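Biologist: I should like to learn how to read a model of this kind, feature by feature. Please give the general idea each time, and then the case at hand.

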Amino acid sequence: MSVTIKTPEEQQKMRVAGRLAASVLEMIEPHVRPGVTTDELNTICHRYIVEELEAIPAPLNYNGFPKSICTSVNHVVCHGIPGDKRLRKGDALNIDITVIKDGFHGDTSRMFLVGDGSIQARRLSEVARESLFVGIEQVRPGVTLGDIGHAIQSYVEARGFSVVREYCGHGIGQVFHEEPQVLHYGEPGTGLTLEPGMCFTIEPMVNVGKRHVKLLADDWTVVTKDHSLSAQWEHTLLVTDEGAEILTLRSDEQIPQLSA
Ligand code: MF3
Ligand code: CO
Ligand code: CO
């Protein structure tokens with residue numbers, strides 16, 4: 001399969017799936033507190049997705065993934081498996097939600113700082129979020145994927161942090177991960193040129209220390225090799241004639257004002 005262009009009907013289904021995925025992050029926020037386990041958060045999200053949204057949690061059984069959401073704490077980069085670990089004040093947690101509604105996927109993640117987090121966690125999370133929006137600002141017809149990756153990489157590295165290279169954003173639609181791969185680093189003017197009707201995610205993973213990662217023995221959990229803190233934010237986007245429509249924007253979400 002190559003890159004799909006969504007028809008207006010398909011775009012409407014992507015809007016619905018995106019809004020539902022965003023609503024899960026809105027719903028779970030008050031539950032993210034010291035003492036809760038990531039498996040309890042998984043259960044709450046699973047029930048909400050299935051019973052309230054009448055949707056499917058895409059991660060469950062995806063290539064054997066055992067839970068309905070991903071929970072990645074502190075030096076976990078992505079794909080953390082919910083378990084009986086209790087969150088503590090100071091932890092930095094990413095919750096990554098993907099739902100399927102009417103056959104289409106919505107995929108989004110955000111950081112939560114438990115009990116306000118550390119100064120370093122707050123700064124890392126802020127830069128990671130800003131870097132997502134630096135990427136989103138690039139999106140319009142005629143721009144290349146390399147332009148997006150370059151903008152993200154430059155923004156992050158200028159602030160002393162590093163960008164993970166082994167995992168990337170992705171095309172999305174009736175398939176969870178479809179073409180193209182959306183790298184969060186690269187060279188301007190290279191790679192695929194964007195066209196209206198494309199849908200993909202941008203989901204930069206940003207580390208305090210070096211960019212290198214390793215996979216744990218559970219074959220899912222990705223951690224920083226140097227055990228430094230890592231943060232990630234993700235949105236699902238539709239390329240429009242003018243720019244990007246953020247399909248997973250939360251109702252209270254402010255778009256950051258960015259300096260170059
Ligand atoms: N939601 C992740 C992404 O942004 C993928 C999770 S795959 C899983 O692409 F199997 F770990 F759930
Ligand atoms: Co994704
Ligand atoms: Co995701």
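Modeller: Let us begin with the metals. In this predicted model, Asp107 bridges the cobalt ion (ligand 3) and the cobalt ion (ligand 2), which lie 3.3 Å apart.

Biologist: Which residues are the protein donors of the cobalt ion (ligand 3)?

Modeller: A donor here is an N, O or S atom within 2.8 Å of the metal. For the cobalt ion (ligand 3), the protein donors are Asp96 (OD), listed twice, together with Asp107 (OD) and Glu234 (OE), at 2.1 to 2.4 Å. Along the chain these donors follow the spacing D-x10-D-x126-E. Here the pair Asp96 and Glu234 links distant parts of the chain, 138 residues apart: Asp96 is in strand E4 (residues 92–101), and Glu234 is in the loop between E13 and E14. Both Asp96 and Glu234 are buried.

Biologist: And which are the protein donors of the cobalt ion (ligand 2)?

Modeller: They are Asp107 (OD), His170 (NE2), Glu203 (OE) and Glu234 (OE), lying 2.0 to 2.2 Å from the cobalt ion (ligand 2). Their spacing in sequence reads D-x62-H-x32-E-x30-E. Within this set, the pair His170 and Glu234 again links distant parts of the chain, 64 residues apart. His170 sits in strand E7 (residues 169–171), while Glu234 sits in the loop between strand E13 (230–232) and strand E14 (235–239). His170 is buried, as is Glu234.

Biologist: Why is the arrangement around the cobalt ion (ligand 2) irregular?

Modeller: The general idea is to compare the angles with an ideal. Ideal angles at a metal are 90 or 180 degrees for six octahedral donors. To count as octahedral, six donors need opposite members over 155 degrees apart and all other angles between 65 and 115. The six donor atoms around the cobalt ion (ligand 2) subtend angles of 51 to 161°, and the arrangement is therefore irregular. The site of the cobalt ion (ligand 3) is irregular as well, with angles of 58 to 165° among its six donor atoms.

Biologist: Let us turn to the organic ligand. Which residues come nearest to ligand 1?

Modeller: Of the 14 residues around ligand 1, the nearest are Pro59, His170, His177, Glu203 and Glu234. One then looks for polar atom pairs. A polar side-chain atom of Glu234 lies 2.9 Å from an oxygen atom of ligand 1. The side chain of Asp96 has an N or O atom 3.2 Å from a nitrogen atom of ligand 1, and a polar side-chain atom of Thr98 lies 3.3 Å from a nitrogen atom of ligand 1. The protein covers 97% of the 340 Å² of accessible area that ligand 1 has on its own.

Biologist: Is Thr98 buried or exposed?

Modeller: Burial is judged by relative accessible area, and under 20% counts as buried. Thr98 has a relative accessible area of 2%, so Thr98 is buried. Thr98 is placed in strand E4. Its side chain makes a polar contact of 2.8 Å with the side chain of Asp107, the residue that bridges the two cobalt ions. Beyond its neighbours within four places in sequence, Thr98 is in contact with residues including Ile56, Pro57, Ala58, Pro59, His105 and Phe176.

Biologist: How should I read the backbone? Which residues other than glycine have a positive phi, for example?

Modeller: Two cases may be cited. Phi of Glu54 is near 50°, and phi of Asn74 is near 55°. Glu54 lies in the loop between helix H2 (38–52) and strand E1 (56–57). Glu54 is exposed, because its relative accessible area is 62%. Asn74 lies in the loop between strand E2 (70–73) and strand E3 (76–78). The side chain of Asn74 makes a polar contact with the side chain of Asp91 at 2.9 Å. Setting aside residues up to four places away in sequence, Asn74 touches Gly90, Asp91, Ala92, Leu229 and Ser230.

Biologist: Where is there a cis peptide bond?

Modeller: Omega is the angle to inspect. A cis peptide bond joins Glu179 and Pro180, with omega about 5°. Pro180 is in strand E8 (residues 178–182).

How values were computed. Residues are numbered from 1 along each chain as its sequence is written. Chains are lettered from A and ligands numbered from 1 in the order in which they are written. This is a predicted model: local features need pLDDT of at least 70, side-chain atom pairs count only at pLDDT 80 or more; totals for chains, interfaces and linings use all residues. Side-chain values use heavy atoms; hydrogens and water are left out. Donors are N, O and S atoms within 2.8 Å of the metal (3.2 Å for Na, K and Ca); water is not among the atoms, so sites may look incomplete. Four donors count as tetrahedral if all angles lie between 85 and 135 degrees; four count as square planar and six as octahedral if opposite donors are over 155 degrees apart and all others between 65 and 115; anything else is irregular. Helices (H or I, at least four residues) and strands (E, at least two) are DSSP runs, numbered from the N terminus. Buried means under 20% relative accessible area, exposed over 50%, partly exposed in between (1.4 Å probe, protein chains only). A residue is near a molecule or strand if one of its heavy atoms lies within 4 Å of it. A polar contact is a pair of N or O atoms within 3.5 Å; within protein, one must be able to donate a hydrogen and the other to accept it, and residues adjacent in sequence count only if both atoms are side-chain atoms. Accessible areas come from the Shrake-Rupley method with a 1.4 Å probe; for residues, only the protein chains shown count as cover. Contact means heavy atoms within 4.5 Å.
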